[in-house]
Amino acid sequence: MAAGAHRVFVSHLSGVAVFDPNGDQVGRVQDVVAMLRVGGRPPRVLGLVVEVVSRRRIFLPMTRVTGVESGQVITTGVINMRRFEQRATETLVLGELLDRRVRLVEGGEEVTVLDVSIMQLPARRDWEIDKVFVRRGKGGALRRKGETLTVEWSAVTGFSVEEHGQGAESLLATFERLRPADLASVLHHLTPKRRAEVAAALDDDRLADVLEELPEDDQIEILGKLKEERAADVLEAMDPDDAADLLSELPEDDKERLLTLMQPDDAADVRRLLAYEDRTAGGLMTTEPVVLRPDATVADALARVRNPDLSPALAAQVYVCRPPDETPTGKYLGTVHFQRLLRDPPFTLVGRLTDTDLRPLPPHAPLPAVTSYLATYNMVAAPVVDESGSLLGAVTVDDVLDHLLPDDWRETELHHGAPGMSEPPEAADGH
């Protein structure tokens with residue numbers, strides 16, 4: 001929003017950084033909290049939902065906002081760090097108003113809400129919703145053909161009803177640039193109905209990435225609301241170790257039914273992981289590390305680790321094995337670290353660069369042994385090799401951390417606030 005302006009569309013606030021007066025970032029805006037009022041009066045904007053560095057979502061009253069300009073929000077510096085809890089009289093603008101089907105007062109035509117704007121009242125700190133950006137035409141895929149227009153809040157009716165027939169397209173468009181972990185945080189705090197709608201609207205790959213970042217209860221809830229064929233497709237798109245972790249939480253009949261619906265190769269990887277104890281190297285590993293034959297070149301290796309779908313941990317090294325190249329492989333020969341690949345000419349064979357001194361992990365190695373291995377050798381991933389010398393997979397540090405942290409770590413405050421911020425007394429005007 002330009003300096004000096006007093007109106008902003010809420011979709012432009014999503015993900016905007018929030019700063020204190022000293023210029024230190026407090027967090028990022030996740031939603032806008034408003035209170036609907038009777039008699040056609042514009043809703044009052046109560047505040048912002050802000051996700052701070054600890055991933056906790058807090059409430060920032062608009063009375064503590066001193067500026068909304070140049071793609072940032074400035075606060076007074078006094079913030080209540082208590083976790084935000086939505087009250088019955090409150091509405092989340094991004095999460096609950098976008099995509100709502102409402103009617104124009106004049107003519108009664110049904111339209112879809114794409115955005116709303118909030119305005120600061122003259123000479124006051126109070127804000128309210130003043131305008132609604134809508135699209136004419138039917139909802140769903142056909143609505144893109146309709147005319148768009150901006151009208152006064154008083155020119156539409158239908159916001160006071162319960163969620164009904166609300167799509168997820170505009171909400172998804174608002175959050176499309178979020179990382180999977182951030183979108184997972186958004187989904188976790190939506191109502192179950194809204195969460196199911198958003199999950200249904202995501203494509204398989206995006207939903208798979210988000211599921212991997214959600215707590216187990218949310219994973220099970222979302223998977224259970226998908227049609228079985230689509231649930232199997234999403235499981236195929238997940239990393240095999242994450243898919244195995246999720247399936248292990250389901251009843252045996254449900255697990256077997258989904259595995260049967262998956263592609264045989266994908267299901268085989270997951271079944272192998274399910275055969276190992278949960279907190280062992282075999283249970284923690286992924287079956288899709290980067291595997292090369294000894295006659296592959298450095299150029300081949302760099303091309304493989306350049307794949308943007310690889311996690312940084314898996315891209316940190318390649319594993320050299322005799323054929324076959326897919327896990328379980330032929331004889332495991334050793335590891336080539338990414339830094340070594342950068343130091344040698346592109347035509348060098350990886351078989352000449354292999355580190356053979358580092359012993360691999362057996363699949364039955366317990367979690368403490370895996371943790372010690374990574375810490376001792378300063379590794380972000382480790383090979384898992386069976387008794388016959390075949391590479392089964394690789395354990396990455398992120399999977400180890402998931403098992404070391406408490407089960408509810410996504411809901412547990414890791415810090416008491418943003419850097420440089422002290423815990424203030426509970427504010428009378430906030431949550």
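Of the 431 residues in this protein, 49% count as buried, and I should say at once that what we are looking at is a predicted model. As you look over the structure, you will find that its secondary structure comes to 15 helices and 18 strands. If we take the contacts between residues at least 6 apart in sequence, 59% of them join residues that are at least 24 apart. Turning to the outside, the protein exposes about 21000 Å², and carbon and sulfur atoms supply 50% of that area.

Let me now go to one helix, α9, which runs over residues 252-261. Which residues of α9 are buried? They are Lys-255, Leu-258 and Leu-259, and because these three cover an arc of only 100° around the axis, they lie on the same side of α9. On the other side of the helix, Asp-253 and Thr-260 are exposed. What do the buried residues of α9 pack against? Their partners are α6 (216-225), α7 (228-237), α8 (240-247) and α10 (264-274).

My last stop is a place on the surface, where Leu-401, Leu-404 and Leu-405 form a nonpolar patch, and together these leucines have about 250 Å² of accessible area. Leu-405 sits in the segment that follows α15, the helix of residues 397-404. Is Leu-405 buried, partly exposed or exposed? Its relative accessibility is 33%, and since buried means under 20% and exposed means over 50%, Leu-405 counts as partly exposed.

Terms used. Residues numbered from 1 in each chain as written. Predicted model: local features only at pLDDT ≥ 70, side-chain atom pairs only at ≥ 80, totals over all residues. Heavy atoms only, no water. Buried < 20%, exposed > 50% of the residue type's maximum accessible area, 1.4 Å probe, protein only. Helix = DSSP H or I, 4+ residues; strand = E, 2+ residues; numbered from the N terminus. Arc of directions from axis to C-beta. Contact = heavy atoms within 4.5 Å. Patch = residues over 30% accessible without salt bridge, like charges linked within 9 Å, V, L, I, M, F, W, Y side chains within 5 Å. Areas by Shrake-Rupley, 256 points an atom, 1.4 Å probe, with all protein chains shown as cover. Salt bridge = Lys/Arg side-chain N within 4 Å of Asp/Glu carboxyl O.
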